[in-house]
Each structure stands twice: as structure tokens, then as C-alpha cells.
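Here is a walk through one protein structure for someone meeting it for the first time. Have the sequence and the 3D view open, and follow along.

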Amino acid sequence: MQTSYDHDNIFAKILREEIPCIKIFEDEHTLAFMDVMPQTSGHSLVIPKEPVSTLYELSDEAALACIKTVKRVGKAVQQAMNINGSTVFQHNGKDAGQTVPHFHIHILPGSLFGIKGHAAEFADPDELKITAEKIIACL
Ligand code: AMP
């Protein structure tokens, strides 16, 4: 099912710099930043600058750009969090549990087992900034 894009969603506002994010990486097509309600320390997000809600509307060019950024940031997340594995996932639509309707890819150090619930609890912003610095140092 095709979904219409909500230009007022929170990630669209981050891209327009109307609200802040704790940025890890940015290039022409993508932005990576810390998840404010991390399911585990180091939980990061990669978004395209293209305004689409789900994977199924994403252009092939933007998909490639996202994967390149996920590879780069994901390796840095693993190194920074000193763990030799990560989980990469994304949701498509409300029925799949997507809460922010701008396409995004989650990078979680480690596995999904035994971690906090999805979008459940805000982290201390100062701790997020310290974690972001560690990841940036590994890029
Ligand atoms: P999803 O449920 O797949 O749409 O995931 C949305 C993610 O965005 C959740 O993990 C939230 O914790 C996270 N999130 C929501 N608002 C913000 C924000 N302002 N900055 C960073 N992450 C956010």
C-alpha cells in the first residue's frame, strides 16, 4: 500500500533543522543520529534526505546511499561499543510498529534479545552525546 508523506513528522523537522538531533554523520543523501529512546547504548538511526515513509517508496539511489551510511556507521557503532555484532532493522508502516513516518534504519549494537522496549524510555542527552562522540571517533 502506498502511503502519503507527512512533512511535519519529527525526522522531517530534524532534516530541516527545526529540532535538534545528536548527529553522528551526514552526507549529501543521508543523516545518522542517536536514537533518543535507545533500546541499548549505541542505538543509532540512519535516514535518507528523500521524503518517503517506507522502504517501498524509497528510490534505488537513496536506498544505496542509506546502506552505504549504515555500513559506515554500523561498523563505527560496533567498534565504539566494543562489541563484535549488531542488529540492523527497520519498520514499514504503523501495522509493523513504525512510529515515525520517515523511512529510517535502526542500528543496534548486539542482539535484540534482552534489551529495552521499542521507543519506550528517553536516555540522558549528555550520555547520548558522549556515546555519539565515541562513535564519531570510530568513523
Ligand atoms: P520506528 O518505531 O521504527 O518508527 O522508530 C522510531 C525511532 O525513533 C524510535 O526508536 C524512537 O526512539 C526514535 N525517535 C523518536 N523521536 C526521536 C528524535 N526526536 N530523535 C531521535 N530519535 C527519535
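Is Asn82 buried or exposed? Asn82 is exposed, because its relative accessible area is 73% and anything over 50% counts as exposed. Keep in mind as you look around that this is a predicted model. You'll find Asn82 in the loop between α2 and β4. Its backbone is worth a glance too: phi of Asn82 is near 55°, a positive value in a residue other than glycine.

Ala119 makes a good companion to look at next. Its place is in the loop between β5 and α3, and although Ala119 is not a glycine, its phi is positive as well, at about 50°. Ala119 counts as partly exposed, with a relative accessibility of 34%.

Now for the sheet. Five strands make up an open sheet, and if you read across it the order is β1-β2-β3-β5-β4, with antiparallel pairing. At the edges sit β1 and β4 (86-89), each of which pairs on one side only. Ignoring direction, neighbouring strands of this sheet are turned by 15° against each other on average. As a bit of background, the strands of a sheet pair through backbone hydrogen bonds, either parallel or antiparallel.

Start at the β1 edge. A hairpin takes you from β1 to β2 through three residues, and the two strands pair in the antiparallel sense over three bridges. Here Phe25 stands opposite Ala32 in β2.

Over at the other edge, four bridges join β4 to β5 (residues 105-109), and these two strands run antiparallel. Look for Val88, which stands opposite Ile107 in β5. Strand β4 also holds Ser86, which is partly exposed because its relative accessible area is 31%. Leaving aside residues up to four places away in sequence, Ser86 touches Gln78, Leu108, Pro109 and Gly110. With Gln78 there is a polar contact between the side chains, at 2.9 Å. You can also trace from Ser86 to His43: they are 43 residues apart along the chain, and their C-alpha atoms are separated by 9.7 Å.

What about the helices? α2 lies across β1, β2, β3, β4 and β5, running at about 15° to β5. α3 lies across β1, β2 and β3, and it runs at about 130° to β2.

Let's stay with α3 for a while. This helix covers residues 125-138, 14 residues in total, and reaches 20 Å from its first C-alpha to its last, close to the 20 Å expected at 1.5 Å a residue. Just at its N-terminal end, Asp124 acts as a cap: a side-chain oxygen lies 2.9 Å from the backbone nitrogen of Asp126.

Which residues of α3 are buried? They are Leu128, Thr131, Ala132 and Ile135. These four cover an arc of only 105° around the axis, so they lie on the same side of α3. The spacing fits a general rule: an α-helix has 3.6 residues a turn, so residues three or four places apart point the same way. The buried residues of α3 pack against β1 (23-26), β2 (30-34), β3 (44-48) and α2 (60-80). Turn to the other side of α3 and you meet exposed residues instead: Asp126, Ile130, Glu133 and Ala137.

Conventions: Residues are numbered from 1 along each chain as its sequence is written. This is a predicted model: local features need pLDDT of at least 70, side-chain atom pairs count only at pLDDT 80 or more; totals for chains, interfaces and linings use all residues. Side-chain values use heavy atoms; hydrogens and water are left out. The expected span of a helix is 1.5 Å times one less than its number of residues. Buried means under 20% relative accessible area, exposed over 50%, partly exposed in between (1.4 Å probe, protein chains only). The arc is that of the directions from the helix axis to the C-beta atoms. Contact means heavy atoms within 4.5 Å. A polar contact is a pair of N or O atoms within 3.5 Å; within protein, one must be able to donate a hydrogen and the other to accept it, and residues adjacent in sequence count only if both atoms are side-chain atoms. Two strands pair if DSSP finds at least two bridges between them. Axes are lines fitted to C-alpha atoms, for helices over the stretch in contact, and angles run from 0 to 180 degrees between N-to-C directions.
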